[in-house]
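Trainee: Could we go through the enclosed and open spaces of this structure, one after another?

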Amino acid sequence: MPSAFATNMRFKLSILAIFLEVLIIVLFGIFVRYENSQPVTKDKLFLYPFFQDVHVMIFVGFGFLMTFLKKYGFSSVGINMLIAALGLQWGTLMQGFWHTEAQTINIDIKSMINADFSTATVLISFGAVLGKTSPVQMLIMTILEITIFSCNEHLVVNVLGATDTGASMTIHAFGAYFGLAAARVLYRPGLKEGHKNEESAYHSDMFAMIGTLFLWLFWPSFNSAIAQPDLQQRAIINTYFSMAACTLTAFALSSLVEHRGKLDMVHIQNATLAGGVAVGSCADMNIYPFGAMLIGSIAGLISVIGFKFLTPFFSSKLKIHDTCGVHNLHGLPGLLGGLASIVAAVAHIKLGETETPSAAMQAAALGCTIGIALVGGAFAGLVLYLPFLGQAPDENCYDDSVYWEVPTEETQPAGQFSDPGDHRTVNINV
């Protein structure tokens with residue numbers, strides 16, 4: 001069982017973070033350059049608003065979505081920021097190594113968007129192990145997962161030639177099943193019956209809903225950011241209507257599956273986003289708005305059902321404790337997105353004027369992604385299982401005070417006052 005001393009991050013986190021940043025700076029100095037081969041055009045600057053939207057999703061949307069735990073808000077937002085800051089740098093390198101020119105990685109706004117995408121996979125996996133891992137573990141997981149993600153993305157896009165513009169497969173399904181595999185290896189029997197801090201409060205659910213709204217509003221940009229310029233509008237429209245249809249379905253199913261007909265905030269925070277995940281793989285295909293709405297409606301349905309029935313089954317039977325339910329928001333809708341792209345390919349739905357994706361390659365991409373994610377996540381879980389990485393004991397999970405200086409309560413017991421410059425409590429004898 002980890003001791004209080006083992007959770008002290010003073011040297012572990014500091015040394016690892018500084019080492020990684022120095023390593024990255026050295027690698028950037030050797031390989032990374034601005035893209036100066038041709039003048040910057042308006043077409044390239046046109047991507048900057050898309051980059052802003054995706055950036056907000058990464059740092060604000062994902063961060064606040066995970067603040068539902070009543071005593072884990074600092075870690076949800078703070079470690080999310082830590083992961084994202086490391087991930088976008090490491091992702092630039094890992095993705096860039098597959099596209100070097102004269103041993104040089106040329107960066108532009110599109111590469112920055114792709115770097116944010118690579119970070120999203122880790123943030124999805126973070127949701128599966130939220131509250132049970134240390135900052136040091138998450139830094140290590142970021143390095144491992146983005147490295148494996150970049151290899152899988154290269155396989156799917158460049159080797160198999162599959163289409164996955166909104167990354168239903170390469171980001172959402174990959175991140176979810178990577179996180180689930182890691183969670184299985186890191187399973188804690190002591191948490192089988194739950195934990196007193198693994199619940200929300202009224203204010204924490206409100207903060208989580210802020211994350212939901214940011215993600216909901218900017219998801220059309222996420223799915224269209226790297227689409228071909230002539231297909232971006234189609235990707236925006238398909239995502240727009242898919243999410244709208246998904247939201248109505250999620251509200252309907254949330255009320256239906258509860259015996260008293262009340263809405264569950266967990267469903268509303270998460271399942272309303274499933275349409276954006278599911279439509280991603282075929283966002284830029286000519287599936288028509290009604291097709292996008294159909295995909296979104298199915299995504300909302302399976303997401304709510306997943307939260308209601310699959311999450312308890314995974315925890316009790318498969319020993320996979322998925323804190324945020326990433327399987328229901330990213331895993332199942334990601335699978336649906338991959339399957340939808342296969343159906344679209346079989347139906348010979350065109351991507352551009354003449355281009356039609358291959359159903360076999362779409363199927364191969366989905367299978368490879370799930371397989372690599374499960375194996376990679378299990379490997380990462382084994383590495384993170386090492387006992388000296390600062391993980392908290394079971395009784396201290398889901399508690400910010402293990403790794404953060406937490407403000408004292410606003411009300412002090414009678415006969416005490418709090419020194420604003422000190423966290424200690426001073427007694428007064430009258």
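Trainee: Which residues line the largest cavity?

Mentor: In this predicted model, the largest cavity has a volume of about 70 Å³. Its lining divides into five nonpolar residues, one polar and two charged. The residues themselves are Val-129, Lys-132, Ala-183, Leu-186, Tyr-187, Arg-188, Leu-191 and His-321.

Trainee: Which element gives the largest share of the lining of the second largest cavity?

Mentor: About 40 Å³ of space lies in the second largest cavity, and the lining consists of Leu-310, Thr-311, Phe-314, Ile-320, Asp-322, His-327 and Asn-328. Two elements, H12 and H13, give two or more residues to that lining. The largest share, three residues, comes from H12.

Trainee: How do the residues lining the second largest pocket divide into nonpolar, polar and charged?

Mentor: The second largest pocket has a volume of about 610 Å³, and 33 residues line it, with Phe-68, Val-266, Asp-322, Thr-323 and Cys-324 nearest its centre. Asp-322 also appears in the lining of the second largest cavity. By class, the residues lining the pocket divide into 15 nonpolar, twelve polar and six charged.

Trainee: Which helices each supply at least two residues of the lining of the second largest pocket?

Mentor: H12 and H13, already named for the second largest cavity, belong to the answer here as well. The helices that each supply at least two residues to the pocket lining are H3 (48-65), H5 (109-128), H10 (265-270), H12 (288-316) and H13 (326-346).

Conventions: Residues numbered from 1 in each chain as written. Predicted model: local features only at pLDDT ≥ 70, side-chain atom pairs only at ≥ 80, totals over all residues. Heavy atoms only, no water. 1 Å grid on protein atoms, 1.4 Å probe; cavity = no way out; pocket = protein on both sides within 12 Å on 5 of 7 lines; lining within 4 Å. Points joined across faces, edges and corners; volume = space filled by probe spheres on them. Helix = DSSP H or I, 4+ residues; strand = E, 2+ residues; numbered from the N terminus. Nonpolar A, V, L, I, M, F, W, Y, C, P; charged D, E, K, R; others polar.
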